[in-house]
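Colleague: I am new to this one. Could you walk me through it and tell me how each label is earned?

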Amino acid sequence: MNDKHLSEEKAVIFHHTVAQLMFLLTRVRRDIQTTVSFLTTRVKKPDADDWGKLKCVLQYLMGTRTLKIRLTIDNMHCIKWLVDASHGVHWDCKGHTGAAMTLGKGAMSSFSHKHKQNANSSTKSELYGVYDALPKVIWSLEFPRAQGHNVS
């Protein structure tokens, strides 16, 4: 691993660009959510390896400028959540969770973030992932019900 930290000027550019990517991913580019989530954990002390990851995501965005968001609804009454967690992937051995809500094809809502606590097994990391997603899952079920819609 390359531990050479970036110069102060490059570190400021790194931080600014990651902030711009966060704005972009919340509006139109959910496909970069996992990468940007990782980069946000590195803004305090970015190194040359992180700079390379930032360049890769920018090259990906340039190559997929014309990529369109496609959302389809197969069944308005069935909300599906896909939740997954990775065990010990950060430098401090914490895991990472990603989740997406869909009504057919495409994510209507999604998130990706680092766990707040360490897990001593991959099974516990999965449980932490579900625990992190549960409030949003329940809200996505109860909100349409409160509006008078029948959902499962």
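Modeller: Happily! Helices here are DSSP runs of at least four residues, and strands are runs of at least two. On that basis the chain has four helices and five strands. Please keep in mind that this is a predicted model.

Colleague: In what order do the elements run from the N terminus?

Modeller: The order is α-α-α-β-β-β-β-β-α.

Colleague: What makes the buried residues of helix H2 lie on the same side?

Modeller: Those residues of H2 (33-40) are Gln33, Val36, Ser37 and Leu39. They cover an arc of only 165° around the axis, so they share one side of H2. Their cover includes helix H1 (8-27), helix H3 (48-63), strand E3 (94-102) and strand E5 (109-118).

Colleague: Why is the aromatic pair of Trp139 and Phe143 called stacked?

Modeller: Ring centres must lie within 6.5 Å to pair, and planes under 30 degrees apart count as stacked. Trp139 and Phe143 are 5.0 Å apart centre to centre, with 20° between the planes, so the pair is stacked. Both residues lie in helix H4 (122-146), four residues apart, about one turn of the helix.

Colleague: Which of the words buried, exposed or partly exposed fits Trp139, and which fits Phe143?

Modeller: Exposed means over 50% relative accessible area, and buried means under 20%. Trp139 has 55%, so Trp139 is exposed. Phe143 has 41%, which falls in between, so Phe143 is partly exposed.

Colleague: How do you know that Lys10 lies over the face of Trp51?

Modeller: One condition is that NZ of Lys is within 6 Å of the ring centre. Lys10 is placed over the face of Trp51, at 4.7 Å from the ring centre.

Key:
Residues numbered from 1 in each chain as written. Predicted model: local features only at pLDDT ≥ 70, side-chain atom pairs only at ≥ 80, totals over all residues. Heavy atoms only, no water. Buried < 20%, exposed > 50% of the residue type's maximum accessible area, 1.4 Å probe, protein only. Arc of directions from axis to C-beta. Contact = heavy atoms within 4.5 Å. Phe/Tyr/Trp six-rings, centres within 6.5 Å; stacked < 30°, edge-to-face > 60°. Lys NZ or Arg CZ within 6 Å of the ring centre and 35° of its normal.
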